[in-house]
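Student: I've got a model open and I'd like to practise reading it. Where do we start?

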Amino acid sequence: MTHYRHKLVCNCSLIRASVLLFSLLSSLLLLHCLTDRVSTITPLPASLSRARAELSSEYNAQRTKRLEPTHSETGRVENGLAFSNSPAKDFVSPRKVSPRFAGKLSPLGEGSKKLPQALIIGVKKGGTRALLEFLRVHPDIRAVGSEPHFFDRNYNNGLEWYRELMPKTLEGQITMEKTPSYFVTREAPARISAMSRDTKLIVVVRDPVTRAISDYTQTLSKKPDIPSFESLTFKNRTTGLIDTSWSAVQIGIYAKHLDNWLQHFPMEQLLFVSGERLISDPAGELGRVQDFLGLKRIITDKHFYFNQTKGFPCLKKAEGSSKPHCLGKTKGRTHPNIDPEVVQRLRDFYRPFNLKFYQMTGQNFGWEL
Ligand SMILES: Nc1ncnc2c1ncn2[C@@H]1O[C@H](COP(=O)(O)OS(=O)(=O)O)[C@@H](OP(=O)(O)O)[C@H]1O
């Protein structure tokens, strides 16, 4: 009996020792794995990366807010382009990140800066800021907040300079930027094609007459002493000859500008977004854009509400935020009243170009002709 009890005690100690040894080994193994995870960050499979990206979306938005330069009236960069999207100093362990602090740029700073695969190339005052802000809600899109003006003003800085401006992206995410002046820049198509022949190009177009008035309203807000819209429209008011060298008029000759792009890109690589429908049916236009970019239709009706005070659709939640977000007060300015005769003269001027543009794009934009 004593012998049996002794044997039982021995067995129990042996089992206890084995359990202890096993748990010690498991802890060591776990520690090793964790160390390995931090020192060598291997890219995650696309689906996992995306899931993580979605989880960390707010974190990124908060960072982006801190890092992005402020925009001028025109949405142009005021404090230079050299801002960074590199990981914040206030490192947050991914396991500690609550969904509230999620971001497409993971707190580990994963991903890499890539040249854009898609660009919003125009048109000025078409609604380009609204489109970009709406698109940024998509977890598979990462965009530069400012306008880089690389293919017009900053081309001599080189592609590496341009790439440095881009936010980091994970596998499967699309890098984007918007610079509305590209559409009217003669050299832009060849330069973009030299970067990549596969670049997807998005153009937000708006009735050229309203666009011209919007353009003028913007200039007037900065230089209140400029001549009237009516006098700037004409080379000679008595003969009624339109001044096509005035940029406010020139930009709206869409067919002419498009012709230049078609020398370098096939039509399938261009998408035309209606600036008017972007206001009346933002989800509808965003659906087309997501399809064009080969993305899942994530941005839908549920993301928008119509803000009566602003008079425009706004986001229920901006990228990574839980708060409603409308564009700033430089978007949706009140236009001055323009002499109806001048407006009519401009409509007559644009009619043939608009018809040509409808024909080229195979889309009827419904502008008053
Ligand atoms: N959701 C929403 N909120 C506010 N504004 C909106 C929106 N959607 C389109 N728009 C129209 O966008 C026009 C400005 O166009 P852009 O952003 O392309 O201007 S810019 O070229 O970047 O300066 C701006 O032109 P104006 O109304 O003349 O100010 C707006 O009509």
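Tutor: Keep in mind that this is a predicted model. Start with contacts: Thr 128 touches Ile 120, Gly 122, Lys 178, Pro 180 and Val 204, once its neighbours within four places in sequence are set aside.

Student: Where is Thr 128 placed, and is Thr 128 buried or exposed?

Tutor: Thr 128 belongs to helix 4, residues 128-135. For burial, count C-beta atoms: 20 or more others within 10 Å makes a residue buried. Thr 128 has 27, so it is buried.

Student: Which residues does the UniProt "binding site" annotation cover?

Tutor: That record, an unreviewed entry, includes Thr 128, Ser 214 and Arg 333 among others.

Student: Okay, how many C-beta neighbours does Arg 333 have inside 10 Å?

Tutor: Arg 333 has 14, so it counts as partly exposed. Look for it in the loop between strand 11 (312-315) and helix 13. Beyond residues up to four places away in sequence, Arg 333 touches Thr 217 and Ser 221.

Student: Let's turn to helix 7. How do I check its length against what it should span?

Tutor: Use 1.5 Å a residue: the 15 residues of helix 7 (208-222) should span 21 Å, and the end C-alpha atoms are 21 Å apart, so the two agree.

Student: And which residues of helix 7 are buried?

Tutor: Pro 208, Val 209, Arg 211, Ala 212, Ile 213, Ser 214, Asp 215 and Tyr 216. Ser 214 is also in the UniProt "binding site" annotation.

Student: What do those buried residues pack against?

Tutor: They pack against helix 8 (229-233), helix 9 (247-250), helix 10 (254-262) and helix 13 (340-361).

Definitions and conventions. Residues are numbered from 1 along each chain as its sequence is written. This is a predicted model: local features need pLDDT of at least 70, side-chain atom pairs count only at pLDDT 80 or more; totals for chains, interfaces and linings use all residues. Helices (H or I, at least four residues) and strands (E, at least two) are DSSP runs, numbered from the N terminus. The expected span of a helix is 1.5 Å times one less than its number of residues. A residue is buried if 20 or more other C-beta atoms lie within 10 Å of its own, exposed if 12 or fewer, and partly exposed in between; C-beta atoms are placed from the backbone. Two residues are in contact if their C-beta atoms, placed from the backbone, lie within 7 Å. UniProt positions are given in the numbering used here, feature names are shortened, and annotations may be inferred rather than shown by experiment.
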